[in-house]
Amino acid sequence: MRTYSIHGCGGFVEASSSLVKSRKAADTKFDYSHITVEHRTVDGLVKDRTQCAPNGYYFIPVYDKGSFVIAINGSEGWSWDPEKVPVVVDDTGCNQNEDINFRFTGFTISGRVVGAVDYLLKNIIPGKYKLRASHPDLKVEVRGSTEVELGFENSVIDDIFFIPGYELRGKIKKPYWEDDSILG
């Protein structure tokens with residue numbers, strides 16, 4: 001009679017300290033039950049997946065020994081650190097029974113520059129921002145308010161920047177009332 005050992009990979013999904021600090025009392029409570037964690041082969045094939053508990057805890061049973069990847073699969077536009085973790089399952093368990101934790105670090109702001117290209121600003125924490133677009137040789141026309149308030153969700157901005165079809169670069173800065181250092 002052959003016996004089988006079932007090991008498992010588990011840990012927590014949690015918000016980064018920056019997101020926790022930016023949360024307002026009126027914002028919805030963190031609920032991670034819509035987030036899934038996947039057990040994948042090193043080639044990316046999904047072997048198993050599980051949903052997180054509302055508090056962010058997850059556990060995936062692993063039936064085979066070897067090298068695998070544990071990856072987070074959350075809402076579109078959310079940023080994670082890390083997005084995936086290589087694991088080894090052996091007689092000592094999954095990565096020697098260490099928790100595999102994922103940190104939710106930010107949302108996405110996106111929109112279009114009419115006549116040019118779309119833009120996508122990733123890993124943005126909630127707050128007030130002032131968007132600005134510029135080009136060294138072209139005039140960018142602004143139609144509407146460039147002030148944006150990001151809550152605890154991704155945001156798509158109305159068409160406010162207009163330019164004929166040329167390359168355009170932009171950047172996001174910390175809220176204008178704090179300072180002018182670049183976020184990323």
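This note goes through the sheet, a surface patch and one loop residue of the structure.

1. The model is predicted, so that local features need pLDDT of at least 70 and side-chain atom pairs count only at pLDDT 80 or more, while totals for chains, interfaces and linings use all residues. Residues are numbered from 1 along each chain as its sequence is written, and side-chain values use heavy atoms, with hydrogens and water left out.

2. An open sheet of 5 strands runs in the order β3-β2-β5-β7-β8 with antiparallel pairing, where strands are DSSP runs of E of at least two residues, numbered from the N terminus, and two strands pair if DSSP finds at least two bridges between them. Because β3 (46–51) and β8 (93–94) each have a single partner strand, they stand at the edges, and one side of each is left without a neighbour in the sheet.

3. At the β8 edge, strand β7 (residues 84–90) is joined to β8 by 2 bridges, and these strands run antiparallel; valine 89 has cysteine 94, in β8, as its bridge partner.

4. Phenylalanine 59 lies in strand β4 (residues 57–62) and is partly exposed, with a relative accessible area of 42% (buried is under 20%, exposed over 50%, partly exposed in between, with a 1.4 Å probe and protein chains only).

5. Tyrosine 63, in the loop between β4 and β5 (66–73), counts as exposed at 55% relative accessibility. Its C-alpha is 5.2 Å in space from that of isoleucine 6, although tyrosine 63 and isoleucine 6 are 57 residues apart in sequence.

Notes
Helix = DSSP H or I, 4+ residues; strand = E, 2+ residues; numbered from the N terminus.
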